[in-house]
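Hi everyone, thanks for making time. I'd like to walk you through the helices in this one, so have a look at the screen and follow along with me.

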Amino acid sequence: ILGQEGGLATDQGAFALEWEGITQFSDGNVPVGVARLEAAMKIRQANGTVDTEPGVHMFVHMALLAIHMKEFDEAMSSVQKALEITDKVESLRRSPIRAHCLTVGAFAQSKLGGYEAAWELCQRSKSIYRALGIDSSTRVARVVGVEAYVEMQRGNLDAALDKCKEARAVHERAAPLQTMCAADLWMIDASVKMAAGDAAGARASYRQAQRVHRRTGYKVGVLMDFSSELEELQRLQRAGSMRRST
């Protein structure tokens, strides 16, 4: 309808393209998702609405797409652009979207091996949520989940397991574990247990992530890239199935 009425050149059209891009991305059509977000960005640039809250959301989404394309430097570039906008707009300096942006940046940094920088970004994100009085939400749970992932990468497996439990508890205070975030939290838990040598525990957590996918349609790792861990978890699951059948 927007296309027929010439509405795609408006901010509403940019919003529609952006969310179509996210939907395509969630369905695994990453190139189509990228194309839609790039088209939406061009509209916002033409309309002068990049330096607004919708522009921040768009840069965060572009960062997530870049992470899935393993373009982690590009992801950090998008995160930085989003943060620069929140610095300019007073109402965004201590906002949930800035906190979420910092979380996405933390995960990208962890993929680049910048574990200390990633940890610091998590703390900055959590400080905003605390200042806003938000202690139970799926996004707060995601920050704690990223902390668990960073602790795993740093070799602090006991601390990582504790963070996994904390992340799920935070999520459950806000909503049942049936969201995109919940699937990612189970994947982080599976990854940590796999790193700790707990193959059975890793398989069990991976099955939980798969259950969320089957019940909701949310794919595992929609917002976080677990491609390297996923391959090993699938191998562990096949090995476990073979043992049960013999």
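Let me begin with a bit of arithmetic: the expected span of a helix is 1.5 Å times one less than its number of residues. Keep in mind that this is a predicted model.

So let's try that on helix H3, residues 53–68. It has 16 residues, so it should span 22 Å, and its end C-alpha atoms are 23 Å apart, which agrees. Now H2, with 18 residues: the expected span is 26 Å, and the end C-alpha atoms of H2 are 26 Å apart, so that agrees as well.

Okay, back to H3. Which residues of H3 are buried? The list is Gly55, Val56, Met58, Phe59, Val60, His61, Ala63, Leu64, Leu65, Ala66 and Ile67. And what covers them? The cover includes helix H1 (11–26), helix H2 (30–47), helix H4 (72–88) and helix H5 (96–111).

H2 has its own buried set: Val30, Gly33, Val34, Leu37, Ala40, Met41, Ile43 and Arg44. Those residues pack against H1 and H3. Right after H2 comes Gly48, with a positive phi near 70 degrees.

Something similar turns up just after H3, where Lys70 takes a positive phi of about 60 degrees. Here's the background: most residues other than glycine have a negative phi. Lys70 has its positive phi although it is not a glycine. You'll find Lys70 in the loop between H3 and H4. Is Lys70 buried, exposed or partly exposed? Its relative accessibility is 46%, so it counts as partly exposed.

Next, how helices pack. Two packed helices are described by the angle between their axes and the distance between the axes. Take H1 and H3: their axes come within 11 Å and cross at roughly 25 degrees. That makes H1 roughly parallel to H3, and the crossing is left-handed. On the H1 side you have Glu18, Trp19, Ile22 and Phe25, and they meet Pro54, His57, Met58, His61, Leu64, Leu65 and His68 in H3. By type, the residues of that contact divide into 7 nonpolar, 3 polar and 1 charged.

Now go along to helix H6 (residues 115–131) and helix H7 (residues 138–153), which pack at an angle of about 160 degrees with their axes 10 Å apart. Angles over 145 degrees count as roughly antiparallel, so that is what we call H6 and H7. Their crossing is left-handed. From H6, the contact includes Tyr115, Ala118, Trp119 and Ser125, and from H7 it includes Arg139, Val143 and Val146. The residues of this contact divide into 9 nonpolar, 3 polar and 4 charged.

Let me finish with two single residues. Thr103 lies in helix H5, and at 2% relative accessibility it counts as buried. What does Thr103 touch, leaving aside its neighbours within four places in sequence? Its contacts are Ser125, Arg142, Val143 and Val146. Ser125 belongs to H6, while Val143 and Val146 belong to H7, and these three also take part in the contact of H6 with H7.

The other residue is Ser78, in helix H4. Its relative accessibility is 5%, so Ser78 counts as buried. Again leaving aside neighbours within four places in sequence, Ser78 is in contact with Phe59, Met62 and Ala63. Look back at H3 and you'll see that Phe59 and Ala63 are among its buried residues.

Technical notes. Residues numbered from 1 in each chain as written. Predicted model: local features only at pLDDT ≥ 70, side-chain atom pairs only at ≥ 80, totals over all residues. Heavy atoms only, no water. Helix = DSSP H or I, 4+ residues; strand = E, 2+ residues; numbered from the N terminus. Buried < 20%, exposed > 50% of the residue type's maximum accessible area, 1.4 Å probe, protein only. Contact = heavy atoms within 4.5 Å. Axes fitted to C-alpha atoms, helices over the stretch in contact; angles between N-to-C directions. Parallel < 35°, antiparallel > 145°, perpendicular 65-115°, else oblique. Left-handed = near helix turned anticlockwise from the far one by under 90°. Nonpolar A, V, L, I, M, F, W, Y, C, P; charged D, E, K, R; others polar.
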